Amino acid sequence: MSAEPLTETSIVPAAVFLLPVLAGAILISAARMSRVLQQWISVLTMVLVSGLGAWMVYRVLGNVVLTTWKSELRVDALSALMVVIIGPVGLLATLYSARYLDQHVSQGPAARRTSTFYGLLMWFLGTMLWGCVTNNVIMLYVAIEATTLTSGLLVAFYWDRRALEAGYKYLMLLTIGITFALFGCVLLYAGAAGTNKLGGESALLISNIRRVAQFIPGRTAAITIAFLLIGFGTKAGIAPFHPWLPDAHAEAPTPISVLLSGVMIKMSVYALARTVSIFYPTWTQVTIFLVALGTFTMLLGIVLALQQNDLKRLLAYSSVSQMGYILAGIGLGTYLGCYGGLYHLLNHALYKSLLFMCVGAVMYATGARRISELGGLRNQMPVTSACYFLGAFALAGFPPLNGFWSKLTIYLALARAGLWWAAGIAILTSILTMVVVVRAGVRVFWGARPPNSPAHLEVKEVPAQMFVPMTILAGLCVLLGIYPQVPYPLLDRAAGILATLGR
Amino acid sequence: MNPAGLHTDLIETLSLTLVITSVAAVEMRRLKFSIIAYLCQALLIVALLLSFASVNHALYWWAATAFVTKAILTPWFLFRAIRGVDDHELKPVIGFGPSVVIVALLMMGFFRLAHSKVALLAPSGLAQMDVFRTNLAVASTVFALGLYAVLTRRDAIKAVIGLCLLENGVHLSLVSLAPGLSETALFGVATEVVVTVFLLLYVIGGVRQVFGTTDTFRLRELRW
């Protein structure tokens, strides 16, 4: 990083999360509003949020840190990166949800609950944005638990056997997990306050804790890290705390799966990185541990994905595996590692959202989501098919798509740190990922149609409102693959914040 | 803050009674009694917070929030969830005999651990004092008992009670670990738990409708 950034008071950090919260409140209270109006309000809110996110990025690149309410909210490059991921992905998922929901709520017990759906969707996005801009360590916990609460009913939205089971597990396991994080946050606060080096400034603010972290006793730091890791790790789907993830991501309505896999778990990794990275310099052992945990997660996730027949569960397990890459990168603590981890976070948000949308499109068109019940869709659904394969190759890290560059950065970072075993496992996982997702795609789109399959007699391509978000995401995957330097200025600054171990 | 003004004996007595209510909440077979034990615990927590508040006035707010959320709303939601159904808990994984032994061991272990190693958790001068040590020891014991209940009980409602204990443990520790916490933060933390309990019981209500039971072992649609 160049010079110390300037601090500027601004209302934008507050607006960016209060806007969706307000929209959500309006949508929930006005249950008789027409569905089209609900959709328009949601889309418009997310357009505004994306715009504010872009403005934040612009300001942050001008070496400015935005703060609100006496630094209670603070937007630096890392926060701006998260906001600019959540906003647009949220927008595309909202757009996509319109037709998807039209089909699914016209029958079944979920009918006439669209106002709840859109209200909770806006709250879900709002709480995620809040978590990314807050600078208060306790409020970070509150925001992350709030994302669980707002998304809990969305996971159980269909209210049938599978959805209810997933919803129960989701709420229960994540609340237990996140309680550990609260304890970790409290210890972090107590540790920072106990150093007596803050000179009267609040020990609740993460930016202040960062300054005194080196004075926190080592063993207190270790306990704090353990609690934070269990807490935020559960929410981020890090193995062995991942069992809730495939259930919730597979049973939720597809637009929600997009957000759960695309951004929510990233946001928890962000919280983990924000809090744990301040201990890297004093407690370097933790970096090896995080890398080991990351490699374990990536391998376990992909091995479990290998045996899936359900497309959504397959993608969910692959998300577990990809979180391993991000953790290994960020956990390394070096500039290159953090750059790779954050870059992968961005890329994974793009192509995993894309893949979930493609699977949702297949479900929309055929009503089936098991690989064994599907086949030969390439002629009837050319756009979906092309988008799926682009996403799959990006996920597998195939050049010249975006996933290749971030994975390459992580391999290089691991190798430069001398962790050859980790780099080896990461490459092996990448090959397995290729096998898993491409095999599934070949069967669904190119394979022979199973004889007595119930669905697809008259399968058609999905409507434009669904395939436009897909093509935008696919286009971004290609664009970031060909021009990997585009996100460099922002990622460079964001990685500089996390890379407390230096370049 | 002037710790000399604390009623140490009162606090110690309240703390120990608190642990007993946790054991009762975990071990009672009738859910109704279990919820009553939880209610008693909530009231004890409020009393404890009030007695600490004589030296740290911010805790009056905390006590008021805890009273509303823990002693009124949470038990109300829980009672509503068991209304009109058989409130005998489903047989837990670990029977009563072994469970009591495990709970006793957990209690002794955590109490000793937290009491002797308190400097690890809270490197501040405040936490070294006896009252706060006891507070932390009680908090971690309640936390451990809650976790034990969540992990070993089949009945979803009992698991929710365990979750409440878990949260109570963490909230109690705030008294010693984070005396300067702002009201908004406390309010956020406390409200969140009530909303969690409400949503969980709402989903459990759906589970009971669709599955006809609150036995979490019967939730086995999703495997691998």
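Begin with the contacts inside chain B of this predicted model. Among contacts between residues at least 6 apart in sequence, 72% join residues at least 24 apart. To follow these pairs in the viewer, draw a link wherever the C-beta atoms, placed from the backbone, lie within 7 Å.

Keep chain B selected and switch to a cartoon representation. Its secondary structure amounts to eight helices and zero strands. Traced from the N terminus on, the elements read α-α-α-α-α-α-α-α. The radius of gyration of chain B is 18 Å, close to the 17 Å given by the globule rule for 224 residues, so chain B is as compact as a globular protein of that length.

Next, reduce chain B to its C-alpha trace and align the view with the principal axes. Along them the trace spans about 55 × 35 × 35 Å. Then colour chain B by burial: of its 224 residues, 46% are buried.

Now display both chains and select the contact between them. Chain A contributes 39 residues to this contact, and chain B contributes 36 residues. On the side of chain A that touches chain B, select α5 (137–155), α6 (161–194) and α8 (218–236) of chain A, the elements that give two or more residues to that side. Which element supplies the largest share of this side of chain A? The answer is α6(A), with 21 residues.

Finally, colour the side of chain A that touches chain B by residue class. The selection divides into 24 nonpolar residues, eight polar and seven charged.

Terms used. Residues are numbered from 1 along each chain as its sequence is written. Chains are lettered from A and ligands numbered from 1 in the order in which they are written. This is a predicted model: local features need pLDDT of at least 70, side-chain atom pairs count only at pLDDT 80 or more; totals for chains, interfaces and linings use all residues. Two residues are in contact if their C-beta atoms, placed from the backbone, lie within 7 Å. Helices (H or I, at least four residues) and strands (E, at least two) are DSSP runs, numbered from the N terminus. Ala, Val, Leu, Ile, Met, Phe, Trp, Tyr, Cys and Pro count as nonpolar, Asp, Glu, Lys and Arg as charged, and the others, Gly among them, as polar. The radius of gyration is taken over C-alpha atoms; the globule rule is 2.2 Å times the number of residues to the power 0.38. A residue is buried if 20 or more other C-beta atoms lie within 10 Å of its own, exposed if 12 or fewer, and partly exposed in between; C-beta atoms are placed from the backbone.
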